[in-house]
Amino acid sequence: MWKVKPPIAFPMETRYRPILESLVPPDPMSRLHLRRFSADEEFPDLSRNSTWMARILTPAMYRRQFHRCTQSGVIFDDVIRPGLEEPGERPTPESVGCVAGDAQCYVLFCDFFDRVIEAHHQHEISGQAPEGDFNYDNLKGTCDFDSSYAVRCEASVVRGVEDFCFPTHCSRGERRQLLTLARRALLRLEEEELPGRFLPLEELDQEQQRELNLEPPSAYQLRIGTARDWPDARAVWVSKDGSLVVWVNMDDHLRLVSTRDDGNIVEAFKCVCINLQKLEGFYRELRHPFTWKQQLGWVSSSPADVGTGLRIRVHLRLQHLPGHKRLQDVLRRLRVCMHATTESPALYCVSNAATFGRSEVGLTQLVVDGVKLLVAMEKRLEDGRDIDELVPTQK
């Protein structure tokens, strides 16, 4: 397990100090007149909290962040609110337990965010994020999965838009402006070669909502602020051939999803890559590029999605492997995660555990190799054989 040790020095703060001092006026909290007591009195109870936020946050770190505020008004308590609302279950953390209200949070609260990112993604932050790779031809080996086991696959990617607060903190006006930008960019995508429909959520009837598997906002989304003013300025764009869906102003500014009812993950990844790069160009022409940080790569509201923002999911039909005693060790070595779905007791979703530290092709290859190995293990267990010799080394 990735162990979190208390910091002795604060190199990230030292590195960013000129930026911090230039961006934020002295004691910005004095302008807000919030009725708060001292940092020690305001420190939250984390004794029953199992998120990465709770493991990393100390009273000393909280005191350093306490009087800081971004230019758009995000304070540190806004950052850690998700982890306080959803403390998670022990023994191991699955949730980061924090969100960024805007892109400046990753600089202003870098001492905290950098350690959360390193712990969650199990990758050390260096001076430069890994170079992106959207060339799907770089995937190695055959990516055709056995259809008896792989029943569905999905590739998705999230992006934040520069100069706008993230959904937990943005205003109604910002959200509506983001919707306008998305409409213009997606119209360009339609004109290029991918016809589709732009559907504001407030105009969808119940039948359309069912087709899109659209659920009402959860209590958690309402508590942390992503579902404020629902469904105002939320929309979904659906390609005519059904190969691509783009969600606007949901948990993130943009989320592109390509889903297939087979195991052809290469085609899903290819669809996302091609159209994401086109949208990136359109947004740049509109003078609102996607949000990028040199040390982190692409950033959005959740530190769990920094780097690439890419999620590769494959739904597998498994009967024997889920109950095997070595499964968790195998998943840890493969750097993938697996959880049961609600559709069937024998249907499991396998996905990449991290989005930071590897390129887009590298993450996809990780899931492809992992799925192949899990299927090979399932076949062995079906035949009554052992899987010990198939257990991989740490990826």
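This is a conversation about how some labels in a predicted model follow from its computed values.

Student: Let's start with Ser-72. Why is Ser-72 called partly exposed?

Tutor: Its relative accessible area is 33%. Buried means under 20% and exposed means over 50%, so with 33% Ser-72 counts as partly exposed. You will find Ser-72 in the loop between helix H4 (59-66) and helix H5 (76-85).

Student: What makes the link between Ser-72 and Asp-102 a polar contact?

Tutor: The two side chains come to 2.3 Å, and the cut-off for a pair of N or O atoms is 3.5 Å. The value is within that limit, therefore the pair qualifies. Leaving aside neighbours within four places in sequence, Ser-72 is in contact with Asp-102, Cys-165 and His-169. The C-alpha atoms of Ser-72 and Cys-170 are separated by 8.9 Å, although these residues are 98 apart along the chain.

Student: Now the strands. How do you know that S8 and S10 pair?

Tutor: Pairing takes at least two bridges, and strand S8 (residues 310-317) shares five with S10, in the antiparallel sense. That meets the requirement, so they count as paired. One of the places to look is Val-314, whose bridge partner in S10 is Val-350.

Student: What does S10 do with strand S9?

Tutor: S9 (residues 336-340) and S10 also pair in the antiparallel sense, over five bridges. Here Val-336 has Asn-352 as its bridge partner in S10. S9 and S10 form a hairpin, with six residues between them.

Student: Why is S10 described as mostly covered?

Tutor: Strand S10 spans residues 347-352, and six of its six residues are buried. Buried means under 20% relative accessible area, so each of those residues falls below that cut-off.

Student: Is H13 largely enclosed or open, and what makes you say so?

Tutor: It is largely enclosed by the rest of the structure, because 17 of the 23 residues of H13 are buried.

Student: How do you know what length to expect of H13?

Tutor: The expected span is 1.5 Å times one less than the number of residues. For helix H13 (residues 360-382), with 23 residues, that gives 33 Å, and the helix reaches 33 Å from its first C-alpha to its last. Helix H11 (residues 265-285) has 21 residues and reaches 30 Å, close to the 30 Å expected. Just after these helices, look at the backbone: H13 is followed by Gly-384, with a positive phi near 80 degrees, and H11 by Arg-287, with a positive phi near 65 degrees.

Student: On to the rings. How many aromatic pairs are there, and why is the pair of Phe-112 and Phe-113 called edge-to-face?

Tutor: The structure holds 10 aromatic pairs. In this one the centres are 5.6 Å apart and the planes make 65 degrees. Edge-to-face needs an angle over 60, so 65 degrees earns the name. Phe-112 is buried, at 0% relative accessible area, and Phe-113 is buried at 0% too.

Student: Why is the pair of Tyr-283 and Phe-290 called tilted?

Tutor: Its planes are 45 degrees apart, with 5.1 Å centre to centre. Stacked needs under 30 degrees and edge-to-face over 60, so 45 degrees is tilted. Tyr-283 is buried at 2%, and Phe-290 counts as buried at 5%.

Student: What makes Arg-36 a charge over a ring?

Tutor: Arg-36 lies over the face of Phe-66, at 3.8 Å from the ring centre, and the distance limit is 6 Å. Arg-55 lies over the face of Trp-52 at 5.6 Å.

Terms used
Residues are numbered from 1 along each chain as its sequence is written. This is a predicted model: local features need pLDDT of at least 70, side-chain atom pairs count only at pLDDT 80 or more; totals for chains, interfaces and linings use all residues. Side-chain values use heavy atoms; hydrogens and water are left out. Buried means under 20% relative accessible area, exposed over 50%, partly exposed in between (1.4 Å probe, protein chains only). Helices (H or I, at least four residues) and strands (E, at least two) are DSSP runs, numbered from the N terminus. Contact means heavy atoms within 4.5 Å. A polar contact is a pair of N or O atoms within 3.5 Å; within protein, one must be able to donate a hydrogen and the other to accept it, and residues adjacent in sequence count only if both atoms are side-chain atoms. Rings of Phe, Tyr and Trp (its six-membered ring) pair if their centres lie within 6.5 Å; planes under 30 degrees apart count as stacked, over 60 as edge-to-face and the rest as tilted. A charge sits over a ring if NZ of Lys or CZ of Arg is within 6 Å of the ring centre and within 35 degrees of the ring normal.
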